[in-house]
Amino acid sequence: MTESPPIDTPPEPSLAAAELIRDEARRAPDKPGVYRMYGEDGTCLYVGKARSLKKRVMQYAQGRFHTQRIALMVSLTRSMEMVVTASETEALLLESNFIKKLKPRFNVVLRDDKSFAELMIRRDHRAPQVRKHRGAHTIPGDYFGPFASTWAVNRTLNTLQKAFLLRSCSDSVYESRTRPCMLHQIKRCSAPCTGLISLEDYGELVASAEQFLRGKSREVVGRLSREMQAASDDLDFERAARVRDRIRALSAITMEQSINAETVEEADVFALFSDGGQACIQAFFFRAGQNWGGRAYFPRIDRSDSDPEILGAFLGQFYEDKPVPRLILTNVSPHEIELLAEAFSMKAERRVEIAVPRRGEKADLVRHALTNAREALGRKLAENSAQTKILDEVCEAFGLDARPERIEVYDNAHIQGSNAVGGMIVAGSEGFRKNQYRKFNIRDEELSPGDDYGMMREVMRRRFGRLVKEEEAGEPVERPDLLLIDGGAGQLAEVMAVLADLGVDDIPVVGVAKGPDRDAGMEKFFMPGKAPFMLPLKSPALYYLQRLRDEAHRFANGAHAKRRSMDIKRNPLDEIEGVGPGRKKALLHAFGSARGVSRASAADLEKVDGISRALAERIHANFRKA
């Protein structure tokens, strides 16, 4: 983590900053709202909220600084913006939104905030489908989450399939099925697609699954137990065994929990541990009385930030785009806890409680989270120390002016030029920054198949052309400290030419060429104005650079494979003019598959509802192109 240099005495605000803030204080309204402070280069320095904007800005104007960090922030301020809100509660929510979006230098900032996976029971189809979901709730249905890990959501999805036999197939697959799929054969689906279960009976299965996910597992298990007993009394032992297996699946998911929470139906548990100017917040999520996983967060903080301030800022940003549970348990009382609870209650449209438990099961859950936070931060500090030493070696190996904090690595992937993709990964002092990975689908149709130089030129133009535009617009941009390119002197020359053309000629670039027979350890490195060179076989820097190259190769190949798979799955009917979703569905229903459509005569095609003679002949001709 990059920290501001220590300051022995608070700097005096410059005349520009002092006069600016005095002027803003005179014009600021005596109302609640949010203020933003900007530096000379237009980047946001700080976002704050206040019950009275006039009084808060006046404090800055009078030099009432509690910490040296705030004094430095004020001295760097060159402009301010204010937004009036109806209440301090609304100001808190807006403040969290701005901090998350702008990531100001002097705020506590939540990093690596990826969206959580959820389970969704879709309600826009006669046979509701259960599936994993990420992102906004735009599809009609019931959403259950958050699941903090892919493992947790996959485990629960498998349980739902075993216990309630709900379909997981897409609508197009559902409509085109003429016989049950493999999931039905292994007793994971009741096959509503082929009518093996009525839609009414299938609806009862969906209702039971929803009950289970809402925490009413005992009622569901009790109902299944009675069903198993009835089947046994009727001497239908095969059906009784099937119901028994469903009960076992439901029981297994509660037995697998690493933390039991018998008295907690719905809660998020947070524990903060800080040390050495860094902090870790461990989160665990409980829904329906089950532990749905956890995750460790490492927010960007300053040494002067107190634990209540860190946790308060974290919670505000964390729930900015996530549903808020009824209960939030913490080990530290967050700053302005009553205001936070009021803001969350307003957002959730129901009462939300934030509590610091001292005894009982809830306190045990918080203590368990604190243990995890302490251990995670210990591992993080150890990793950062080792990572810093390796980056120092990279700096020395390539003759850089300073340790690289952001390294971008580029690689291309294709098969004889088809489905070409460029991949960019990002790494730094805190490891791989996967939320900043980017893929570039190669668009230039004039490139010769397999033209690696042309692909790299396009990737560089798009990546750094955008960077230049964002810088010119005054937007906050992270420049790389080092570029690693997969390739030798030729690739390096192409990249340098593009960067020079864009006026971005101050970023060090290194080409990494694989050794003979692609042997690891025999890589050659290429830099402008230097002869190719190798690094010692046992060099930690060499091992680190190999990891970066392999990660870029993995990411590019994965993006290429996904694009190729989508290309393979593309239905040939999609390319025929006049065949929209409705006609496509009718054709697939009539002939079973695209292959069946391709074998049909024009006369047979014309018999399908919505297919005219002219369209039938066009479809028939499309599948018989030379």
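# Exercises on a predicted model

G428 is found in strand β13, residues 418-428. The structure is a predicted model, and the exercises below are to be worked on it.

## Exercise 1: the surroundings of G428

Determine whether G428 is buried or exposed, and list which residues G428 touches beyond four places in sequence.

Solution. Start with accessibility. The relative accessibility of G428 is 1%. Buried means under 20%, so G428 counts as buried. Next, collect the contacts, leaving out residues up to four places away in sequence: G428 touches Q387, L391, E405 and Y544. Finally, take one C-alpha distance. T388 lies 40 residues from G428 along the chain, and the C-alpha atoms of the two are separated by 9.1 Å.

## Exercise 2: helix α13 and its end

Check whether the end-to-end distance of helix α13 agrees or disagrees with the span expected from its 39 residues.

Solution. Helix α13 covers residues 360-398. The expected span is 1.5 Å times one less than the number of residues. For the 39 residues of α13 this gives 57 Å, and the end C-alpha atoms are 57 Å apart, so the two agree. Then look just past the helix: G399 follows α13 with a positive phi of about 65°.

## Exercise 3: strand β1 and its partners

Work out how many residues of strand β1 are buried, which way the side chains point, and which strands pair with β1.

Solution. Strand β1 spans residues 33-38, and six of its six residues are buried. Divide them by direction: G33, Y35 and M37 point one way, while V34, R36 and Y38 point the other way. Both sets are buried.

Now take the pairing. With strand β3 (residues 79-84), β1 makes six bridges in the antiparallel sense; here M37 stands opposite M80. With strand β2 (residues 44-50), β1 is joined by six bridges, again antiparallel; here V34 stands opposite K49. The connection between β1 and β2 is a hairpin with five residues between the strands, and G42 in the turn has a positive phi of about 85°.

## Exercise 4: a five-stranded sheet

Give the strand order of the open sheet formed by five strands and identify its edge strands.

Solution. The order is β9-β8-β7-β10-β11, with mixed pairing. The edges are β9 (290-297) and β11 (353-355), each of which pairs on one side only. Neighbouring strands of the sheet are turned by 15° against each other on average, direction ignored. At the β11 edge, strand β10 (residues 327-330) pairs with β11 in the parallel sense over three bridges, and I328 stands opposite I354.

## Exercise 5: cysteines

Count the disulfides and state how far the nearest cysteine sulfur is from that of C189.

Solution. The cut-off for a disulfide is a pair of cysteine sulfur atoms within 2.5 Å. By this rule there are zero disulfides. For C189, the nearest cysteine sulfur is that of C181, 5.5 Å away, and C189 is in no disulfide. C189 is buried, with a relative accessible area of 9%. C395 also counts as buried, at 13% relative accessibility.

## Exercise 6: E458

Locate E458, decide whether E458 is buried or exposed, and name its contacts.

Solution. E458 is placed in helix α14, residues 452-472. Its relative accessible area is 6%, so E458 is buried. Not counting residues up to four places away in sequence, E458 touches N441, I442, R443, D444 and L447.

Definitions and conventions. Residues are numbered from 1 along each chain as its sequence is written. This is a predicted model: local features need pLDDT of at least 70, side-chain atom pairs count only at pLDDT 80 or more; totals for chains, interfaces and linings use all residues. Side-chain values use heavy atoms; hydrogens and water are left out. Buried means under 20% relative accessible area, exposed over 50%, partly exposed in between (1.4 Å probe, protein chains only). Helices (H or I, at least four residues) and strands (E, at least two) are DSSP runs, numbered from the N terminus. Two strands pair if DSSP finds at least two bridges between them. Axes are lines fitted to C-alpha atoms, for helices over the stretch in contact, and angles run from 0 to 180 degrees between N-to-C directions. Contact means heavy atoms within 4.5 Å.
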